[in-house]
Amino acid sequence: MSDEEVDFRALSDLATPWCVRVVATLGVAEHMAAGVTHVDELARKADCDGDSLARVLRHLVDKGLFQEPAEAEFTLNEPARVLLDPRVRGGLDLDGSAGRLAGAWSGLLAAVRTGRPTYERVFGLPFWQDLEANPDIAASYDRLMGLQGRGVPDPAILVDDDWADVRHVVDVGGGTGAMLAEILRAHPRVRGTLVDLPRTVARSAEVFEAAGVADRVTVSGQSFLDPLPGGADVYLLASVLLDWPDDQAITLLTRCAEAAAPNGRVVVIGGVTPGSAASKGALVLMVMTGGRTRNLDQFRALAAKAGLTVTASGQGPSGRFIVESRPA
Ligand SMILES: C[S@@+](CC[C@H](N)C(=O)[O-])C[C@H]1O[C@@H](n2cnc3c(N)ncnc32)[C@H](O)[C@@H]1O
């Protein structure tokens with residue numbers, strides 16, 4: 001990007017991201033889609049202050065989101081229609097776990113100063129404990145991670161897509177089961193085990209029922225830092241390892257290595273980037289949990305400490321990088 005293309009004002013503006021989240025949380029776009037346009041009526045429907053809402057909406061109109069065709073009348077334009085997608089709205093809803101994510105950014109300076117996650121300073125408890133203490137926030141996090149938030153996952157989780165020797169997959173930290181359900185649907189001879197925290201696996205039954213795979217699934221509500229169900233061919237860690245700092249990431253990989261069948265493998269998707277280039281992304285983990293993305297070399301070193309050797313890696317059909325390792 002050339003120097004002229006960098007818009008410093010846009011880079012440093014805090015107003016717009018918050019205004020977008022506020023209107024998403026208030027469901028303003030949905031009310032407009034239902035035909036409500038006057039700001040007083042919008043405010044009544046959204047149970048908020050009309051003058052304040054008008055100021056927020058005018059800021060967004062200036063930025064190209066929504067239109068104000070007449071004084072105090074606000075309507076959707078094409079960019080604003082994106083807010084009608086429940087998945088987009090869920091990812092911005094300040095009343096749910098997205099609000100925790102947004103608020104956690106205020107700890108970034110302290111995180112950079114200390115090299116430690118700062119979520120607890122902002123919300124009083126470390127991230128996972130905060131979810132445990134707040135069931136509504138935890139439920140919204142599970143939704144955001146599940147079908148309602150991420151859509152239908154890609155079941156092609158093996159580098160060579162060869163399932164001949166696979167009979168049993170354990171989805172470790174598999175949330176409410178969306179990924180495992182797709183895997184079992186794609187591979188009728190495979191059975192699955194979902195491992196996640198008790199409150200999360202408790203929400204999985206309907207996912208497996210809807211996919212027609214409930215008879216081939218067992219669930220284990222437990223911490224994945226404790227011993228895992230043993231003897232499976234594949235231990236899947238999808239968007240999980242990156243949540244954790246090195247010490248716990250090694251424990252998690254060790255649990256998988258200990259549990260795997262003699263010829264079993266551990267499959268990591270999400271959070272590992274190819275080669276040795278510095279991996280970017282998942283910056284928010286710096287404040288949330290102290291987790292990080294890792295390049296393949298860094299992952300290899302971590303895996304070795306857990307008794308695993310990387311045996312294959314490559315880009316999956318959905319573009320995500322897949323890393324397979326086996327007990328050394
Ligand atoms: C980022 S989500 C990934 C979910 C899913 N694998 C996916 O790809 O959408 C991380 C998952 O780890 C689970 N988790 C966090 N700490 C855990 C623990 N100690 N034991 C088991 N599961 C845990 C969370 O409940 C959540 O479902």
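Buried means under 20% relative accessible area. The exercises below use this cut-off on a predicted model.

**Exercise 1.** Decide whether Ser239 is buried or exposed, and state where Ser239 lies and what is notable about its phi.

Solution. Step one is the place: Ser239 sits in the loop that runs between strand S6 (234-238) and helix H17 (246-259). Step two is the accessibility: the relative accessible area of Ser239 is 18%. The cut-off for buried is under 20%, so Ser239 is buried. Step three is the backbone: phi of Ser239 is near 55 degrees, which is a positive value in a residue other than glycine.

**Exercise 2.** Treat Phe66 in the manner of the previous exercise: find its loop, its phi and its burial.

Solution. The loop holding Phe66 lies between helix H5 (50-62) and strand S1 (67-70). Phi of Phe66 is near 70 degrees, a positive value, and Phe66 is not a glycine. With a relative accessibility of 2%, Phe66 counts as buried.

**Exercise 3.** Describe the overall form of the protein from its secondary structure, radius of gyration and box.

Solution. Begin with the elements: there are 19 helices and 11 strands. Next, take the radius of gyration, which is 22 Å; the globule rule gives 20 Å for 328 residues, and the two values are close, so the protein is as compact as a globular protein of that length. Finally, along the principal axes, the C-alpha atoms fill a box of roughly 70 × 45 × 40 Å.

**Exercise 4.** Characterise the interior, the surface and the charges of the protein.

Solution. For the interior, 47% of the 328 residues are buried. For contacts, consider those between residues at least 6 apart in sequence: 62% of them join residues at least 24 apart. For the surface, the protein exposes about 16,200 Å², and carbon and sulfur atoms supply 52% of this area. For the charges, there are 32 positive and 43 negative side chains, and the centres of the two sets lie 4 Å apart.

**Exercise 5.** List the domains, then describe how domain 2 and domain 3 are placed and joined.

Solution. The assignment gives domain 1 (3-84), domain 2 (89-148) and domain 3 (153-274 + 290-327). The C-alpha centres of domain 2 and domain 3 are 23 Å apart. In the contact, 10 residues come from domain 2 and 10 residues from domain 3.

**Exercise 6.** Name the buried residues of helix H12 (residues 135-145) and the helices that they pack against.

Solution. The buried residues of H12 are Ile137, Ala138, Ala139, Ser140, Tyr141, Asp142 and Leu144. They pack against helix H7 (86-90), helix H8 (97-104), helix H11 (127-133), helix H13 (147-150) and helix H15 (198-201).

**Exercise 7.** Locate Thr176, decide whether Thr176 is buried or exposed, and list its contacts beyond four places in sequence.

Solution. Thr176 belongs to the loop between strand S3 (168-172) and helix H14 (178-186). Its relative accessible area is 9%, so Thr176 is buried. Leaving aside neighbours within four places in sequence, Thr176 is in contact with Asp142, Gly146, Leu194, Thr200, Arg203, Ser204 and Val207. One of these partners, Asp142, is also among the buried residues of helix H12.

**Exercise 8.** Place Gly316 in the chain and in space.

Solution. Gly316 is found in the loop between strand S10 (308-315) and strand S11 (321-327). With a relative accessible area of 10%, Gly316 is buried. Gly316 and Val122 are 194 residues apart along the chain, and their C-alpha atoms are separated by 37 Å.

Definitions and conventions:
Residues numbered from 1 in each chain as written. Predicted model: local features only at pLDDT ≥ 70, side-chain atom pairs only at ≥ 80, totals over all residues. Heavy atoms only, no water. Helix = DSSP H or I, 4+ residues; strand = E, 2+ residues; numbered from the N terminus. Rg over C-alpha atoms; globule rule 2.2 N^0.38 Å. Buried < 20%, exposed > 50% of the residue type's maximum accessible area, 1.4 Å probe, protein only. Contact = heavy atoms within 4.5 Å. Areas by Shrake-Rupley, 256 points an atom, 1.4 Å probe, with all protein chains shown as cover. Lys, Arg positive; Asp, Glu negative; His and termini not counted. Charge placed at Lys NZ, Arg CZ, Asp CG, Glu CD. Domains from an automatic or database assignment.
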